[in-house]
Amino acid sequence: MSSSQQVNQFSQPQQDSPRVPRRTPMACQFCRGRKLKCDGLRPSCGNCNRRGYPCSYKPVSADQK
Ligand SMILES: [Zn+2]
Ligand SMILES: [Zn+2]
């Protein structure tokens, strides 16, 4: 009997996907609309503060699909 057990045992790089909550830069409405880099300062971010615009942040809904 010739039983040759050939098992492919190559080390497989386990894809470990770290569960990192995606950190979306919180940009206020104004910066979003103008595609500005919002520093996310509250209650008024730098851009709004400089222009004297009412800074408003849209509440992020956790249930987003
Ligand atoms: Zn902003
Ligand atoms: Zn703002």
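Helices, as named in these legends, are DSSP runs of H or I at least four residues long, numbered from the N terminus.

**View 1. The whole chain and its annotated domain.** This is a predicted model, and the chain of 65 residues holds two helices and zero strands. Of these residues, 11% count as buried, and among the contacts in the chain with a separation of 6 or more, 23% join residues 24 or more positions apart. The unreviewed UniProt entry carries the annotation "domain: Zn(2)-C6 fungal-type" for residues 27-57, a range over which the chain is 39% helix and 0% strand and whose end C-alpha atoms are 7 Å apart.

**View 2. The loop between α1 and α2, with K35 and P43.** Helix α1 covers residues 29-34 and helix α2 covers residues 46-51, and the loop between these two helices contains both K35 and P43. K35 has a positive phi of about 55°, although this residue is not a glycine. K35 is exposed because 8 other C-beta atoms lie within 10 Å of its own, where the cut-off for an exposed residue is 12 or fewer. At P43, the peptide bond that leads from R42 is cis, with omega near 0°.

**View 3. The nonpolar core and A27.** The largest nonpolar core consists of seven residues, namely A27, C28, C31, C38, C45, C48 and C55. When residues up to four places away in sequence are not counted, A27 touches R32, C38 and G40, and of these C38 is also listed in the core. The C-alpha atoms of A27 and C55 are 9.8 Å apart in space, while the two residues are 28 apart in sequence.

**View 4. C55 in the segment after α2.** C55 follows helix α2 in the chain, in the segment after residues 46-51. Because C55 has 21 C-beta neighbours inside 10 Å, this residue counts as buried, the cut-off being 20 or more. Leaving aside neighbours within four places in sequence, C55 is in contact with C28, F30, P43, S44, C45 and C48; this list includes F30, which lies in helix α1, and P43, which lies in the loop between α1 and α2.

**View 5. F30 in helix α1 and its surroundings.** F30 is placed in helix α1 and counts as partly exposed, because it has 19 C-beta neighbours inside 10 Å, whereas 20 or more are needed for a residue to be buried. Outside the range of four places in sequence, F30 touches N47, C48, Y53 and C55; C48 and C55 are also members of the largest nonpolar core. From F30 to Y57 the C-alpha to C-alpha distance is 8.7 Å, although 27 residues separate the pair in sequence.

Terms used. Residues numbered from 1 in each chain as written. Chains lettered and ligands numbered in written order. Predicted model: local features only at pLDDT ≥ 70, side-chain atom pairs only at ≥ 80, totals over all residues. UniProt positions renumbered as here; feature names shortened; annotations may be inferred. Core = buried A, V, L, I, M, F, W, Y, C linked by C-beta atoms within 7 Å. Contact = placed C-beta atoms within 7 Å.
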